[in-house]
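Me: Could you zoom in on one part of this model for me and walk me through what sits around it? After that, carry on to a few other spots that deserve a look.

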Amino acid sequence: MPEGHKTHFIARRHSAMFAGQTLKVTSPQGRFTADAKKVSGRTLESVEAAGKRIFYAFEGGRIVHIHLGRYGKFRELSSPPPLPIGQVRIRMVGDRESIDLNGPTTCQLINNEQRDRLVAALGPDPLAGGKKSEVWKNVSQSGKPIAGLLLDQSVVAGVGNIFRAEVLFETLVDPTTPGDELSESAFDAVWSSLTKMMKTGLKYGKIISVTAKEAGKPLKDLENKDRFRIYGKPRCPRCDNAIDAIEIASRRLYLCSRCQTRS
Ligand SMILES: [Zn+2]
């Protein structure tokens, strides 16, 4: 599932491609046709991400809200675009480029108030100026495990299953530590690892937890299988212990139980 770095990456990219242009918006699949007509022919004013949500703001306060979910995928095309492939929920056609979106969890037309409510329900987003002190307040008042809190979008927005595993490993924090038993110094380390990793993700458009020094090559040249330290890996890169997988907040979490003892 795309995590927060990806939604911000997409928002920046689509903003550069389309902002200020009058777009033709359709729903080749048919499921968004009526609402597509309500924004088609209007100027796209901005594209912004908040956590895992993306908002396309058209003139007149009409906003297309997208949540990619697990299967949502954008495709970039020329303008005019070729025939759609598969179930294209929404197609936006600009002056020089177009995009198709297949398989999102959410693609809906909303207004400013609805957008504000959705954003207000999210915790601070590290890529949108979210404050450490507010996230610490959310974490330190909860008895749930830190690995579960990191996935809770009302605690901190934009963190998914890969970021939480990589951040907790980098900081050597025991993922089962309840928020209210986590030391502030351990949280500070988690926050600084998270913001750094999310910024790297935004820069490269994909999550990278290893450093160039560890990888032995520039980050832009990394193969997908070499991007992570622990997620989906068999052995700990630090102690060579076998990596464990446990379920926290209904998702599989990878950890090294020998290294990750900090609380
Ligand atoms: Zn280890």
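Reply: Sure, and one term up front: contact here means heavy atoms within 4.5 Å. Keep in mind that this is a predicted model, where local features need pLDDT of at least 70 and side-chain atom pairs 80 or more, while totals for chains, interfaces and linings use all residues. Residues count from 1 along each chain as its sequence is written, and side-chain values use heavy atoms, with hydrogens and water left out.

Let's zoom in on D100. Setting aside neighbours within four places in sequence, D100 touches K73, F74, R75, L77, P84, V88, I90 and R91. With R91 there's also a side-chain polar contact of 2.7 Å (a pair of N or O atoms within 3.5 Å, one able to donate a hydrogen and the other to accept it; residues adjacent in sequence count only if both atoms are side-chain atoms). D100 belongs to strand β7, residues 97-102 (strands are DSSP E runs of at least two residues, helices H or I runs of at least four, numbered from the N terminus). Its relative accessible area is just 1%, so D100 is buried (under 20%; exposed is over 50% and partly exposed in between, with a 1.4 Å probe and protein chains only).

G160 is another buried residue, at 3%, and sits in the loop between α5 (146-151) and α6 (161-170). Beyond four places in sequence, G160 has E3, K52 and L151 in contact. G51 is 109 residues away from G160 along the sequence, yet their C-alpha atoms are 9.9 Å apart.

Now the rings: there are four aromatic pairs (ring centres of Phe, Tyr or Trp, its six-membered ring, within 6.5 Å; planes under 30 degrees apart are stacked, over 60 edge-to-face, the rest tilted). One of them is W136 with F187, which counts as tilted because the planes meet at 35 degrees, with centres 5.1 Å apart. W136 is in helix α4 (132-140) and F187 in helix α7 (184-204), so this pair ties together parts 51 residues apart in sequence. W136 is buried at 17%, and F187 is buried too, at 2%. Add W191 and you have one aromatic cluster with W136 and F187.

Last stop, the zinc ion: its protein donors are the SG atoms of C236, C239, C256 and C259, 2.2 to 2.4 Å away (donors are N, O and S atoms within 2.8 Å of the metal, 3.2 Å for Na, K and Ca; water isn't among the atoms, so sites may look incomplete). Along the chain, these donor residues follow C-x2-C-x16-C-x2-C. C236 is buried at 3%, whereas C239 is partly exposed at 23%.
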